[in-house]
Each structure stands twice: as C-alpha cells, then as structure tokens.
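Biologist: I have a new model open and would like to learn how to read it. Could you walk me through it, one feature at a time?

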Amino acid sequence: MSYTRLYRRRDDGTLEFREAWHDEEAAQFVINHGRVGHQSETEETDDVDGATAEGLMGAFEDQCAQDGYGPLGDKELWRVVAQFSLKTAGGTDRDRSLERQASEALAAHLAWRGLGTVDGSSIDGSRLNIVMTCVDPGKAVAAVKTCLREATSDFTKLSIGVAPVTDPEAFKLRHGPAGARGFAL
C-alpha cells in the first residue's frame with residue numbers, strides 16, 4: 001500500500017494534515033484531511049488500479065506542495081509511550097491480547113486524527129510499552145487516554161510518557177496512576 005502524510009501550520013498556529021493512500025485490496029484511493037487532533041474528513045475513489053493510483057498520488061503530492069504542506073522534521077516530532085503495569089515479568093496471554101488490542105486501537109485513533117503512528121510494542125519485564133511517534137504531545141496524550149479508556153479494561157494501570165524524538169532519554173510522565181512520580185522504559 002502506498003501512503004503519504006503531510007502537514008502545514010497555519011498563521012494562527014493550527015497544524016493541519018493531509019494524507020493519501022491506495023488500498024490495493026479494496027481498489028480504492030483515499031484522501032484524508034483535517035486539523036491535527038480532530039476527526040478527519042475522508043474522500044474515497046473506487047475502482048482504482050495501481051497505475052491510476054500512482055498518478056493520483058503524484059497529483060496529490062503536487063497539490064499539497066502548492067498548498068504549503070510538507071513533512072515535519074525530527075524537531076517537531078515526539079515519542080509518546082503508553083505503558084501498562086503487568087502482574088508478571090514475561091506477560092500472560094491476557095497481556096499479549098491487551099498489547100494487540102491497545103496497539104490496533106491506538107493506530108486507528110491516532111491516524112484518523114493526524115496525530116501520529118504506532119511504531120511498535122513490547123512486553124519488557126513487568127511492563128507493556130506501546131511506542132508512538134506523534135506531532136503534538138498534548139493532543140496525543142489526550143487522544144491516548146480517550147482511546148484506551150474506551151478500548152481496554154486496564155486504564156487504571158496506564159502511564160504515559162513523552163519525550164522529544166531528538167532526545168529519546170528525556171521522558172516525562174504526562175499521565176499515571178495515583179502515586180506515580182516518574183516515567184522509565
């Protein structure tokens with residue numbers, strides 16, 4: 001599947017995004033756009049083969065460039081980690097199910113709002129970490145909390161840490177259970 005996501009910052013500071021992809025299986029070309037952090041609008045074109053999609057993607061990228069959209073640099077990206085405390089060091093089948101469920105829910109929730117992507121997840125020691133790259137840390141933390149409150153039953157065990165992509169060791173706790181003082185991977 002070919003995929004492109006681009007951003008622009010308006011004069012008032014609002015960050016907007018546009019993204020496009022070709023879903024070969026559904027034979028659709030999809031354009032998704034909106035303000036970062038808000039549910040996006042979607043336009044779909046059906047019966048699109050690979051050659052047509054390539055042309056549409058080129059036209060999409062050209063139009064985005066004319067409208068001032070482009071990729072964001074590392075200085076504008078944030079690493080956000082949703083971390084669940086687990087009862088065992090290696091994780092149980094239930095923990096692995098939580099990992100899949102939470103990762104899938106976050107990937108969709110962040111994408112439809114232009115906030116970022118899920119880069120991966122792991123069970124390390126007695127923690128489940130879901131690692132994301134996001135464009136707005138405040139909106140991303142709010143979105144993660146909203147998404148996981150609806151998608152999982154383990155919200156009370158959730159901590160969220162944020163660090164600039166350029167300084168991956170500088171995590172700060174942005175959300176945690178009562179008594180949590182810091183954040184570590």
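Modeller: We will go from the overall fold to a sheet, a hairpin and a pocket. Keep in mind that this is a predicted model.

Biologist: Where do I begin: what secondary structure does the chain have?

Modeller: Begin with a count, then read the order. Here the chain has 3 helices and 9 strands, and along the sequence they follow the pattern β-β-β-β-α-β-α-β-β-α-β-β. The C-alpha atoms fill a box of roughly 50 × 40 × 25 Å along the principal axes.

Biologist: And how much of the chain is buried?

Modeller: For that we take residues under 20% relative accessible area as buried. Of the 185 residues, 40% count as buried. You can also ask how far apart in sequence the contacting residues lie: among contacts with a separation of 6 or more, 56% join residues 24 or more positions apart.

Biologist: Now the sheet. In what order do its strands lie?

Modeller: Look at which strand sits beside which. Four strands make an open sheet in the order β1-β2-β3-β4, with antiparallel pairing. β1 and β4 (residues 41-46) are at the edges with a single partner strand each, so one side of each has no neighbour in the sheet. From one strand to the next, the twist averages 10°.

Biologist: Which residues could I use to see β1 and β2 pairing?

Modeller: Try Thr4, which stands opposite Ala20 in β2. β1 and β2 (residues 15-23) are antiparallel and share 7 bridges. Helix α1 (residues 50-66) packs on this sheet, where it touches β1, β2 and β3, and its direction makes about 170° with that of β2.

Biologist: What about the hairpin of β6 and β7: how many residues lie between the strands?

Modeller: There are 2 residues between them, and Gly125 takes a positive phi near 65° in this hairpin. The two strands run antiparallel and are joined by 8 bridges. To find the register, look for Ser122, which is opposite Asn129 in β7.

Biologist: Last one: which residues line the largest pocket?

Modeller: With a pocket, check volume, lining and chemistry in turn. The volume is about 180 Å³. The lining includes Tyr3, Arg5 and Tyr7, along with Leu115, Thr133 and Cys134. β1, β6 and β7 each give two or more residues to the lining, and the largest share, 3 residues, comes from β1. By class, the lining has 8 nonpolar, 3 polar and 1 charged residues.

Biologist: Thanks, now I can trace these features on my screen.

Methods:
Residues numbered from 1 in each chain as written. Predicted model: local features only at pLDDT ≥ 70, side-chain atom pairs only at ≥ 80, totals over all residues. Heavy atoms only, no water. 1 Å grid on protein atoms, 1.4 Å probe; cavity = no way out; pocket = protein on both sides within 12 Å on 5 of 7 lines; lining within 4 Å. Points joined across faces, edges and corners; volume = space filled by probe spheres on them. Nonpolar A, V, L, I, M, F, W, Y, C, P; charged D, E, K, R; others polar. Pairing = 2+ DSSP bridges. Axes fitted to C-alpha atoms, helices over the stretch in contact; angles between N-to-C directions. Contact = heavy atoms within 4.5 Å. Buried < 20%, exposed > 50% of the residue type's maximum accessible area, 1.4 Å probe, protein only.
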